[in-house]
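Here are some notes on this one, jotted down while going through it. Have a look at the structure first, then read the points alongside it.

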Amino acid sequence: MHLRDDRNILPITNAAKPAGNHSIVMEGEMVVGCPVDDTLVLVMGIGNFNLEHVAVFLNGDPALSLKATLVCWPLKNASPAGTHGFVAVLPTGILRRASLKTIMFQHKAKVTRYTFANRGASVGDLIAMIADLAGANLPSVIDGLVEALISGPIGRKKLAAITVLLQAGARSDGCVELIGGSDEGEIFVQGWAQDLTPSVTRLFISGRASSLAECVISVFARPDLNDQASGFAGLLLANETVEASDIERLLFRGRRGWRFTEVYDRRLIVGSRETPSHVRAILPRVRGSTEILLRMRSAANRFDGTETVSGLPLPVRAGIDNVLRVDGSGLLVSGWLLDPDGHVESVKLRRHRGECQLDGNWTRIDRPDVTAEFDNRAPFNAGLDPNRHAHGFVAFAPELSGDSTAPFYLELCLSDQRRAFLPLTPIRVTSREAVVRQIRAIDPNAWALRHVVDHQLVPLLRNVSRPAPEIFGVADVGAFDDIEGPALIIGIDERVEEVGPLIALLALDPETRGLPVVIAGATDVIDRIGVRVRRLAQFYKLSVRLVSASGSEDLYDALEVGARAVSCETVVFLAASLLPRNKGWFNKLLTAYEMRKNCVLSPTLAYEDDSIRWAGTWVAGAHSDRALISRYAGYPIDAVTGMATTEVATATFECCIMPREALFSVDGFTRGYMGTHEKGLDLGLKLKQSGLKSYWLPSAQMLGSDDIIVSEKASTVALIERIDRQIFDARWARSFGKENTVKMETPV
């Protein structure tokens, strides 16, 4: 539907009255259209009918007929065009965006045809025209229009039109003296008015933005006011988020028509922590229906920053052990809930207007210490079951939306409609630290440990969306920028800090002595080894760039940051834990790479006893529990020495040569893994999906140990490996189906 919408309205009058500022000269039977939204228009004109509904034909087409609501009023002065003014509330969806040029009104046998004025009107202009024609009838006309408009769905444009109408027609009634926010979206208002009655109704909020709200209103006596006025306390729940400080007026329908209550310019605005105390203070004085009073009591019983579980008269107690917050993922909450009689119906993690129900998917664990602590103590005087100890819980909750400065808390909803609260103080940790701390806190033999891993820790890591590690600082030793050739990127993490032997071997090898060498690691690691590395580089006259990284959690993060610190086309990744097994390894790697270009190529990795640690990653058979395997792991290194360069499913990024830009074309290493094994497989498959092939070069060999956390127990390491496998399998399971098997070439 299209109407010309020009704010320069033609004057509208009738023949017996001179044109005023807001009048229109109507030649013949003419109407003015006021578009409300894409499917609704208000049509104003003059006619000889005084009806509530009338049949309308759009553009004179019988196929485009509908019923329109009419709001009519007698004209102040007679007019040849008719005895009454009218505004038709006209749905135009059946036009399907076609132009609306004429309308026909049919009443009984009489049909009146109207043509639209050349220019459309705004709602404000329409009100001014109605005021000219309706005089004292303006409030009743606006009242009728508002009632017609609020009968159907209310979108943003329609809401704005209603608000403009009410601003013009509603009468002042009282003021709002206090406004308070809440974590549940409701806004508490308190003030006085003459025409407000206890009710559950809808009203309009006018302010920075218009909004429609459900309102629960209770009233109370105000001796400081006259007999016609009373105090009110209410809860507003708007259709969309409204801040208490943005409200200027409340527009409501009272006993004598539409009224507005102005927000007092010296009103008191309180936050969500203070609001419950104000509701509790007024609650004994208010009156209203049972529903109204129950909702007011519920608002009074909201979180105000204090712990309330320990004061419950019911046999319910709770405590928190740890709340670990992982940026880019969520919160890992562990604690206990003692509720032998089942009074607690739900447990929610809340923050501002965000919430997550924890007890729907949490893991219960045995806590016999809780049973022993509360047995036969009030209010558990009846005694606790000595065979039931599953009072503990571990729960992962995704990050909640809302005000980032608002506190976190647990809300316990009880069967008697009461609520109790536990404030939380989260500790920011890395995803690795959160998982390791939780694993250490549970007995390795606990029956619930596997459920904790599968349903709490794995989802925590899957949700991780932390940003890539970034360069924090760069320091060069020697003429680094003047050296050409592929850059050798050495990655260091907290498990390998002694890089002296590797630097010495690189300096003594003529193939690597002249390379630009980058040594990258987390900031604290580089701070500890920086002085020694500088001395060695100066002694051997090497060109070294020290790169400290923020957000680096492991070897591969360090390698990624090191690659960001150079601009050459080709990089060679090398873990600081590796040493060359023999001379010539670098030239073999470089020669094989230049034969193929645009690939990832890795040497054999061996243990110090000359058994194979890695000799290519391959697609496993149908009966294997792994998608990818290292086929020759554990074999003597002589078993592969004579083999040719072979395409594999993925290379190993502990030592490889590859195009630098390829790494960043797939957004680098995927975050969310605890160790580096699956993290490397993940990158290898991403590169393969992008078209980059991976190769294994048997003739080049490096020595090193497995990448493990030496300080951890074997059981913890096993759980970490299991977690990483679950995350990897979830990401790549479809890629290893019958139809999506990773294809590789035969040995070259």
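1. Keep in mind that this is a predicted model. Let's start with T163, which sits in helix α3, residues 156–169. Its relative accessible area is 4%, so T163 goes down as buried, the cut-off for that being under 20%. What does T163 touch once its neighbours within four places in sequence are set aside? The list is S206, S210 and L251.

2. Another buried spot is M129, in helix α1 (residues 123–134). M129 has a relative accessible area of 3%, and therefore counts as buried. If you want a long-range pair to look at, try M129 and M44: they are 85 residues apart along the chain, yet 8.9 Å separates their C-alpha atoms.

3. Now for a charged residue: E411, on strand β23 (408–414). Is E411 buried or exposed? Buried, because its relative accessibility comes out at 2%. The E411 side chain has a polar contact with the side chain of R419, at 3.4 Å. R419 also turns up among the contacts of E411 beyond four places in sequence, together with E184, S346, V347, K348, R350, A420 and F421.

4. Helix α15 deserves a longer look. It covers residues 714–732, 19 residues in total. From first C-alpha to last, α15 reaches 27 Å, close to the 27 Å you'd expect at 1.5 Å a residue. Its buried residues are T716, V717, L719, I720, I723, D724, I727, F728 and W732. When you look at that list, remember that an α-helix has 3.6 residues a turn, so residues three or four places apart point the same way.

5. What do the buried residues of α15 pack against? There are three helices, α7 (431–440), α8 (449–462) and α14 (677–689), plus strand β35 (628–629). The next points take the helix partners in turn.

6. First, α7. Its axis is 11 Å from that of α15, and the two pack at an angle of about 130°. That angle is why α7 and α15 are classed as oblique to each other; the crossing is right-handed. On the α7 side the contact is made by V435, V436 and I439, and on the α15 side by T716, L719, I720 and I723. Those four α15 residues are also on its buried list.

7. Next, α14. Here the axes of α14 and α15 lie 10 Å apart, at an angle of about 15°, so this pair is roughly parallel, since angles under 35 degrees count that way. This crossing is right-handed too. The residues involved are E678, L681, D682, L685, K686 and Q689 from α14, meeting D724, R725, F728, R731 and W732 from α15. D724, F728 and W732 also feature among the buried residues of α15.

8. Last, α8. Its 14 residues should span 20 Å at 1.5 Å a residue, and the end C-alpha atoms are 18 Å apart, which agrees. Which residues of α8 are buried? L449, V452, V453, Q456, L457, V458, L460 and L461. Their cover includes α7 and α15, along with strands β17 (317–326), β18 (330–338), β21 (363–365) and β22 (392–398). That makes α7 part of the surroundings of the buried residues of α8 as well as those of α15.

Conventions. Residues numbered from 1 in each chain as written. Predicted model: local features only at pLDDT ≥ 70, side-chain atom pairs only at ≥ 80, totals over all residues. Heavy atoms only, no water. Expected span 1.5 Å × (residues − 1). Buried < 20%, exposed > 50% of the residue type's maximum accessible area, 1.4 Å probe, protein only. Contact = heavy atoms within 4.5 Å. Polar contact = N/O pair within 3.5 Å; in protein donor to acceptor, adjacent residues only side chain to side chain. Axes fitted to C-alpha atoms, helices over the stretch in contact; angles between N-to-C directions. Parallel < 35°, antiparallel > 145°, perpendicular 65-115°, else oblique. Left-handed = near helix turned anticlockwise from the far one by under 90°.
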